[in-house]
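Visitor: Hi, I have this one open on my screen and would like to walk through it with you. Could we start with the aromatic rings?

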Amino acid sequence: AEKRELSHWNMMSWDNYVVWGEGQKRFVKSFVKNNPIIHIVSDIPYFDSNDELIEVPRRSIAAFDIQPKRHYLRSITPQLYEYINEDLLKRFLNDLGEISNIYDVMLIRKRKKRLGSGQEKHLKKIEEGFSKKYKNTVSIDPGISAHRLIEKVDLVISMPFTSTAIIAYNMGKKCCYYDPSGL
């Protein structure tokens, strides 16, 4: 049987790459065939809106998720498996909301970016339900830098495979990826 490529990574052909660690270096090397130079650097700080960050309580967890695209946008993107969807986001938020209630810890959720008009309707219900259901949760403005939030919390839980877990690890914070689907 013919081997099918599941991504477009094999099309990369630059001579130089900048990555955040050995794992990413191995990943790039597994796809790039032209023997590139791969530079390992620390994480690269993101833009920060300088908006005021809420007062972060002593016992707190930062949660970083990925917003799914609308169904019609996902359907026009050729993927063999649709991992990031509304169900995954609901499960991620609900599981972490339950943990915040059980352990009486503040869960501070930061979305990757502001909602666009194509995302607003279908995600608004999920987000409103989450904030109403769990008393120890708050969502902060996506413009606030992940670095600034991570500095203030005790633990970071990230949806695979966001860079926030790497940022937290580099800052010496306890961190993990959480995949509610079990994949």
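Guide: Happy to. This is a predicted model, and the count of aromatic pairs in it comes to four. One of them joins Trp14 and Tyr17, with 5.7 Å from centre to centre.

Visitor: How are the planes of Trp14 and Tyr17 arranged?

Guide: The Trp14 and Tyr17 planes stand at 45° to each other, so the pair counts as tilted, because that class covers what is neither under 30 degrees nor over 60.

Visitor: And is Trp14 buried or exposed? What about Tyr17?

Guide: Trp14 is exposed, with a relative accessible area of 59%. Tyr17 is buried, at 6% relative accessibility.

Visitor: Let me zoom out. What does the overall fold look like as a string of elements?

Guide: The protein chain has six helices and seven strands. Along the sequence they run β-α-β-β-α-α-β-α-β-α-β-α-β.

Visitor: What part of the protein chain is buried?

Guide: Of its 183 residues, 39% are buried. As for contacts between residues at least 6 apart in sequence, 64% of them join residues at least 24 apart.

Visitor: Which residues touch the most other members in the largest nonpolar core?

Guide: That core has 17 residues, and those with the most contacts to other members are Leu89, Phe92, Leu93, Leu96, Leu107 and Met159. Strand E3 (60-64), helix H3 (86-102) and helix H4 (117-133) each give at least two residues to this core. The largest share, five residues, is from H3.

Visitor: What else is there apart from that core?

Guide: Another core, of 15 residues, lies apart from it; its members include Trp20, Val56, Ile108 and Val153.

Visitor: Back to Leu96 for a second. Where is Leu96 found, and is it buried or exposed?

Guide: Leu96 belongs to helix H3. Its relative accessible area is 4%, so Leu96 counts as buried, because the cut-off for buried is under 20%.

Visitor: What does Leu96 touch?

Guide: Leaving out residues up to four places away in sequence, Leu96 touches Ala63, Leu107, Ile157 and Tyr178. You can also look across to Arg109, which is 13 residues from Leu96 along the chain, with 9.7 Å between the two C-alpha atoms.

Visitor: New topic: pockets. What volume does the second largest pocket have?

Guide: Its volume is about 280 Å³. The second largest pocket is lined by 17 residues, and the closest to its centre are Tyr46, Lys110, Arg111, Lys112 and Ala146.

Visitor: How does that lining divide into nonpolar, polar and charged?

Guide: Seven of the lining residues of the second largest pocket are nonpolar, five are polar and five are charged.

Visitor: Good. I also clicked on His147. Where is His147 found?

Guide: His147 sits in helix H5 (residues 146-152). With 12% relative accessibility, His147 counts as buried.

Visitor: Which residues does His147 touch?

Guide: Residues up to four places away in sequence aside, His147 touches Asp43, Ile44, Pro45, Tyr46, Ile167 and Met171. Tyr46 may ring a bell, as one of the residues closest to the centre of the second largest pocket.

Visitor: Now the loops. Where does Asp51 lie?

Guide: Asp51 is in the loop between strand E2 (37-40) and E3. Asp51 is partly exposed, at 32% relative accessibility. Its C-alpha is 7.5 Å from that of Gly143, although the two residues are 92 apart in sequence.

Visitor: And Ile84, where is its place?

Guide: Ile84 is in the loop between helix H2 (71-75) and H3. Its relative accessibility is 28%, and Ile84 counts as partly exposed. Ile84 and Asp65 are 19 residues apart in sequence, with 9.7 Å from C-alpha to C-alpha.

Visitor: What about backbone angles? What is phi of Asn35?

Guide: Phi of Asn35 is near 50°, a positive value in a residue other than glycine. Most residues other than glycine have a negative phi. Asn35 is in the loop between helix H1 (22-31) and E2, and it is exposed, at 67% relative accessibility.

Visitor: What is phi of Asp104, and where is its place?

Guide: Asp104 has a positive phi too, near 50°. Look for Asp104 in the loop between H3 and strand E4 (106-110).

Note on methods. Residues are numbered from 1 along each chain as its sequence is written. This is a predicted model: local features need pLDDT of at least 70, side-chain atom pairs count only at pLDDT 80 or more; totals for chains, interfaces and linings use all residues. Side-chain values use heavy atoms; hydrogens and water are left out. Rings of Phe, Tyr and Trp (its six-membered ring) pair if their centres lie within 6.5 Å; planes under 30 degrees apart count as stacked, over 60 as edge-to-face and the rest as tilted. Buried means under 20% relative accessible area, exposed over 50%, partly exposed in between (1.4 Å probe, protein chains only). On a 1 Å grid over the protein atoms alone, a cavity is a set of points where a 1.4 Å probe fits but cannot get out, and a pocket is an open set with protein on both sides within 12 Å along at least five of seven lines; lining residues have an atom within 4 Å of a point. Grid points are joined across faces, edges and corners, and a volume is the space filled by probe spheres set on the points. Ala, Val, Leu, Ile, Met, Phe, Trp, Tyr, Cys and Pro count as nonpolar, Asp, Glu, Lys and Arg as charged, and the others, Gly among them, as polar. A nonpolar core is a set of buried Ala, Val, Leu, Ile, Met, Phe, Trp, Tyr and Cys residues joined through side-chain atoms within 4.5 Å. Helices (H or I, at least four residues) and strands (E, at least two) are DSSP runs, numbered from the N terminus. Contact means heavy atoms within 4.5 Å.
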